[in-house]
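Got a minute to look over this fold with me? I'd like to go through the labels one by one and see what backs each of them up.

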Amino acid sequence: PPVKISLTRSTQTYLENCYIEDNVVESLMRGVPQLTTLELPNNDINAEGVKAIARHLPLLKRLDLQANYINDDGLKAIAEGLPALNELDLGEPKPE
């Protein structure tokens with residue numbers, strides 16, 4: 001059976017090595033504007049996923065996107081769309 005994830009009351013989420021892609025990021029983040037910490041290391045997120053994070057998580061203070069596909073467009077979305085962010089971990093990106 002499919003796994004159900006409920007994040008509706010959470011302020012922190014950690015999902016590593018889950019093969020999460022941009023469309024999943026959009027779906028997950030849409031319903032959790034209260035998140036302040038989001039850790040998604042070693043997934044398959046690129047600029048579109050980062051834009052979804054910036055669009056849906058205005059309270060985000062900590063973001064971990066190590067080992068994803070973050071490019072200049074993703075960095076721009078972070079800089080422009082996450083005003084509360086005070087901790088960012090990009091680590092080494094995955095090669096494209």
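Q: What makes the largest nonpolar core a core, and which residues have the most contacts inside it?
A: This is a predicted model, so everything here is about predicted coordinates. The largest nonpolar core holds 22 residues, and Leu38, Ile53, Leu63 and Leu65 have the most contacts inside it. The label fits because a core is built from buried nonpolar residues joined through side-chain atoms within 4.5 Å.

Q: Which elements give two or more residues to this core?
A: Those are α1 (22–30), α2 (47–56) and α3 (72–81). Helix α2 gives the largest share, four residues.

Q: What is Ile53 in contact with, leaving aside its neighbours within four places in sequence?
A: Ile53 touches Val25, Met29, Leu38, Leu40, Leu60, Leu63, Leu65 and Leu82. Each counts as a contact because heavy atoms come within 4.5 Å. As a rule, nonpolar side chains in soluble globular proteins tend to be buried together.

Q: Why is α2 called largely enclosed?
A: Seven of its ten residues are buried, so the rest of the structure encloses most of α2. The buried ones are Ala47, Gly49, Val50, Ala52, Ile53, Ala54 and His56. To earn that word, a residue needs under 20% relative accessible area. What do the buried residues of α2 pack against? They sit against α1, β2, β3 and α3.

Q: How do you know whether α1 and α2 are roughly parallel or roughly antiparallel?
A: Two numbers describe a packed helix pair, the angle between the axes and the distance between them. Here the axes of α1 and α2 come within 8 Å and cross at roughly 10°. That makes α1 roughly parallel to α2, because the cut-off for the term is an angle under 35 degrees. On the α1 side, Asp22, Val25, Glu26, Met29 and Arg30 meet α2 residues Glu48, Gly49, Ala52, Ile53, Arg55 and His56.

Q: Why are β1 and β4 said to stand at the edges?
A: The four strands form an open sheet in the order β1-β2-β3-β4, with parallel pairing. β1 (12–14) and β4 (87–89) each have a single partner strand, so one side of each has no neighbour in the sheet. From one strand to the next, the twist averages 5°.

Q: What makes β2 and β3 a pair?
A: Strand β2 (residues 37–39) and strand β3 (residues 62–64) share three bridges in the parallel sense. They qualify because pairing takes at least two bridges. One example is Glu39, whose bridge partner in β3 is Asp64.

Q: What is unusual about phi at Asn17 and Tyr19?
A: Most residues other than glycine have a negative phi. Asn17 has a positive phi of about 55° although it is not a glycine. Phi of Tyr19 is positive too, near 60°. Asn17 is in the loop between β1 and α1, and Tyr19 lies in the loop between β1 and α1.

Q: Why is Asn17 called partly exposed, and Tyr19 exposed?
A: Asn17 has a relative accessible area of 40%, and the partly exposed class runs between 20% and 50%. Tyr19 comes in at 67%, and exposed means over 50%.

Q: How do the elements run from the N terminus on?
A: The order is β-α-β-α-β-α-β, from three helices and four strands. Of the 96 residues, 40% count as buried.

Definitions and conventions: Residues numbered from 1 in each chain as written. Predicted model: local features only at pLDDT ≥ 70, side-chain atom pairs only at ≥ 80, totals over all residues. Heavy atoms only, no water. Buried < 20%, exposed > 50% of the residue type's maximum accessible area, 1.4 Å probe, protein only. Axes fitted to C-alpha atoms, helices over the stretch in contact; angles between N-to-C directions. Parallel < 35°, antiparallel > 145°, perpendicular 65-115°, else oblique.
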